[in-house]
Amino acid sequence: MPGPVVSPDGKALLTASADGTARLWDVATGKSLGPPLIHRGPVAAAAFSADGRVALTGSYDNTARLWPVPAELPAKFERARLWAQVLTGMELDAGGVMQALGADAWERRRQKLREEGGPPLP
């Protein structure tokens, strides 16, 4: 599998995996920039367009795909994510699978949401 690739502006990282996924990451925060980019076979190639707005992945499933590179989520979306985690007691793990939050993790998120002003308003 290819090593991680950094976007031209240095803000995003693209990783490829033998599990059939590629992922985009925010370099500054280490947070995922969306769900996994899924192929039906190991991802063997990864690159960014010259302007960094598109990611290219190639897989042993004989496909090459173009993916838009999202910007970091604005703070209001981060607050909405926290709110959803506090309400449900669940979170998506790095593989996109729902996991129950432990009591301590749930309390930390509840406290952080409170510090950020509570549930987001429409």
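**Reading a predicted model together**

Student: Let me start with one residue. Is Glu91 buried or partly exposed?

Tutor: Glu91 is partly exposed, with a relative accessible area of 23%. Keep in mind as we go that this is a predicted model. A residue counts as buried under 20% and as exposed over 50%, with partly exposed in between.

Student: Which residue does Glu91 meet in a salt bridge?

Tutor: Here is the general idea. Side chains of opposite charge can pair when their charged atoms come close. In this model, the side chain of Glu91 forms a salt bridge with that of Arg109, at 2.7 Å from N to O. Arg109 sits in helix H2 (residues 103-115) and Glu91 in strand S8 (residues 90-92), so the pair links distant parts of the chain, 18 residues apart. Arg109 has a relative accessible area of 19%, so this residue counts as buried.

Student: How many salt bridges are there by this rule?

Tutor: The count comes to 2 salt bridges. Besides the pair we have just met, Glu107 and Arg110 join their side chains at 2.8 Å, N to O. Both of these residues lie in helix H2, 3 residues apart, which is about one turn of the helix. Glu107 has 31% relative accessibility, so Glu107 counts as partly exposed. Arg110 is partly exposed too, with a relative accessible area of 27%.

Student: Let me step back to the whole chain. How many helices and strands does the protein have?

Tutor: The secondary structure comes to 2 helices and 9 strands. To read their order, follow the sequence and write α for a helix and β for a strand. Here the pattern is β-β-β-β-β-β-β-α-β-β-α.

Student: Now for sheets. In what order do the strands of the open sheet stand?

Tutor: The 3 strands run in the order S5-S6-S7, and their pairing is antiparallel. Strand S5 (43-48) and strand S7 (64-68) each have a single partner strand, so they stand at the edges, with one side of each left without a neighbour in the sheet. From one strand to the next, the twist averages 20°. You can also look at one pairing in detail: S5 and strand S6 (residues 54-59) pair over 5 bridges in the antiparallel sense. Among the partners, Phe48 is matched with Ala55 in S6.

Student: Which residues touch the most other members of the largest nonpolar core?

Tutor: That core has 13 residues, and Leu14, Leu24, Leu37, Phe48, Ala55 and Val69 touch the most other members. Strand S2 (12-16), S3 and S5 each supply at least two residues of this core. Notice that Phe48 and Ala55, our bridge partners, are both on that list.

Student: What is Leu37 in contact with, leaving aside its neighbours within four places in sequence?

Tutor: Leu37 is in contact with Leu14, Gly20, Thr21, Ala22, Leu24 and Trp67.

Student: And where is Pro36 found?

Tutor: Pro36 lies in the loop between strand S3 (21-26) and strand S4 (37-38). At 17% relative accessibility, Pro36 counts as buried, because the cut-off is 20%. The C-alpha atoms of Pro36 and Leu24 are separated by 7.7 Å, although the two residues are 12 residues apart along the chain.

Student: Finally, how much of the protein counts as buried?

Tutor: Of the 122 residues, 29% count as buried. The protein exposes about 7700 Å², and carbon and sulfur atoms supply 61% of that area.

Definitions and conventions
Residues numbered from 1 in each chain as written. Predicted model: local features only at pLDDT ≥ 70, side-chain atom pairs only at ≥ 80, totals over all residues. Heavy atoms only, no water. Salt bridge = Lys/Arg side-chain N within 4 Å of Asp/Glu carboxyl O. Helix = DSSP H or I, 4+ residues; strand = E, 2+ residues; numbered from the N terminus. Buried < 20%, exposed > 50% of the residue type's maximum accessible area, 1.4 Å probe, protein only. Pairing = 2+ DSSP bridges. Axes fitted to C-alpha atoms, helices over the stretch in contact; angles between N-to-C directions. Areas by Shrake-Rupley, 256 points an atom, 1.4 Å probe, with all protein chains shown as cover. Core = buried A, V, L, I, M, F, W, Y, C linked by side-chain atoms within 4.5 Å. Contact = heavy atoms within 4.5 Å.
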